Amino acid sequence: MTGLVVKNTGSDYLVRCDSDRAFYQCKAKGNFRIKGIKSTNPIAIGDRVEFNAEGFITKLQDRKNYLVRKPTNLSKQLHILAANIDQALLFVTIKYPETDITFIDRFLASAEAYNVPAKLIFNKIDLLDDADNEYLNAMIYLYESIGYECLKLSAKEGIGIEQLKTLCEGKTSLLSGNSGVGKSTLINTLIPNAKAQTGDISHSHLKGMHTTTFSEMYIGENDMYLIDTPGIKGFGTVDLKPEEVAHYFPEIFKISADCKFYNCTHRHEPDCAVLKALEEHRIAQSRYNSYLSIITDASEKKYR
């Protein structure tokens, strides 16, 4: 039998069978590992697998892509967020809680590295004042100018919900973001019977409280597949070599073609087109700072 992995609770997997659409509780057969990938979870949400009547997953089918991050325990292994993804939607909030710019850029760089199209969803716009909206519009202008699609959203007031629904129909979408940005609420809005657990904001620190502990896929109408991931505080980029980091910042990579040296790191080299563009404000300082932070991580092999 073949099926789709829709939930992972550690050692157990919930698989939806292709033939009868029923759900089966399964375990990985024996010492199941994927060659070439050292991960904390060799089978991920979105994987297509073969399994038997005894409930053992016997084979993992080829993936078209996957997205990873460093696990929180700082181990050398990867944590696969999901596999076979059509798009990654990063939920961002300007306040309650505030999403860090570097977090956004790290996520986008990782999505670029693993060939996953990424979009930015700016939620909770009903909470913003005039100054906040000015900042939000500047952020959207920046990321749209780079090539990332952006969507304004208010789950509370229903703003942007239809656009988000259209964006997700017919696709497998990974939903990510800090705790408290409203992913679970939006899943329940798009798929009313999902019953994704929602949580409150910690008012002492204005940060989200973790409600999702394991990744889970929710299946809606019109072939809508939503993968909810645990809220994360930081995004550690993985396996990026210093000389490759610029490849995953589209605007920096494009301009780097005019650098004098082919292996330019865009930090101190003479005749660096990127540094010149930075001086002329053709590259945003925030993006360049994020680029440097990933370069530092890659050079020092550290996770922030």
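The questions below ask how several descriptions of this predicted model follow from its computed values.

Q: What makes the packing of helix H3 and helix H4 roughly perpendicular, oblique or parallel?
A: H3 (residues 161–168) and H4 (residues 183–190) pack at an angle of about 80 degrees, with their axes 11 Å apart. Angles of 65 to 115 degrees count as roughly perpendicular. H3 and H4 are therefore roughly perpendicular to each other.

Q: Which residues of H3 and H4 meet?
A: From H3 come Ile161, Leu164, Lys165 and Cys168, and from H4 come Leu186, Thr189 and Leu190. The residues of this contact divide into five nonpolar, one polar and one charged.

Q: How do you know whether the length of helix H1 agrees or disagrees with its number of residues?
A: H1 covers residues 101–113, which is 13 residues, and at 1.5 Å a residue these should span 18 Å. The expected span is 1.5 Å times one less than the number of residues. The end C-alpha atoms of H1 are 18 Å apart, which agrees.

Q: What makes H1 mostly covered?
A: Of the 13 residues in H1, 11 are buried. Among them are Ile101, Phe103, Ile104, Phe107 and Leu108, and also Asp105 and Arg106. Buried here means under 20% relative accessible area.

Q: Why is arginine 106 called buried or exposed?
A: The relative accessible area of arginine 106 is 3%. The cut-off for buried is under 20%, so arginine 106 is buried. This arginine is found in helix H1. Its side chain makes a polar contact with the side chain of serine 293, at 3.4 Å; the limit for such a pair of N or O atoms is within 3.5 Å.

Q: What caps the N-terminal end of H1?
A: Aspartate 100 does, with a side-chain oxygen 3.0 Å from the backbone nitrogen of threonine 102. After H1 comes asparagine 115, whose phi is positive, near 60 degrees.

Q: Why does glutamine 25 count as buried or exposed?
A: Glutamine 25 has 52% relative accessibility. Exposed means over 50%, so glutamine 25 counts as exposed. This residue lies in strand E3 (residues 23–28). Leaving aside neighbours within four places in sequence, glutamine 25 is in contact with Asp12, Tyr13, Leu14 and Gly55. Glutamine 25 and lysine 7 are 18 residues apart in sequence and 9.4 Å apart in space, C-alpha to C-alpha.

Q: What is the peptide bond that joins tyrosine 96 and proline 97, cis or trans?
A: This bond is cis, with omega about -5 degrees. Proline 97 has its place in the loop between strand E8 (87–92) and H1. Most peptide bonds are trans.

Q: Which phi values belong to aspartate 223 and histidine 281?
A: Phi of aspartate 223 is near 55 degrees, and phi of histidine 281 is about 60 degrees. Neither residue is a glycine, and both values are positive. Most residues other than glycine have a negative phi. Aspartate 223 is found in the loop between strand E14 (216–220) and strand E15 (224–228). Histidine 281 lies in the loop between helix H6 (273–279) and helix H7 (285–300).

Q: Why is histidine 281 called exposed or buried?
A: The relative accessible area of histidine 281 is 72%. Exposed means over 50%, so histidine 281 is exposed.

Q: What share of the protein is buried?
A: Buried residues make up 52% of the 304 residues. The protein has seven helices and 15 strands.

Conventions
Residues numbered from 1 in each chain as written. Predicted model: local features only at pLDDT ≥ 70, side-chain atom pairs only at ≥ 80, totals over all residues. Heavy atoms only, no water. Axes fitted to C-alpha atoms, helices over the stretch in contact; angles between N-to-C directions. Helix = DSSP H or I, 4+ residues; strand = E, 2+ residues; numbered from the N terminus. Parallel < 35°, antiparallel > 145°, perpendicular 65-115°, else oblique. Contact = heavy atoms within 4.5 Å. Nonpolar A, V, L, I, M, F, W, Y, C, P; charged D, E, K, R; others polar. Buried < 20%, exposed > 50% of the residue type's maximum accessible area, 1.4 Å probe, protein only. Polar contact = N/O pair within 3.5 Å; in protein donor to acceptor, adjacent residues only side chain to side chain.
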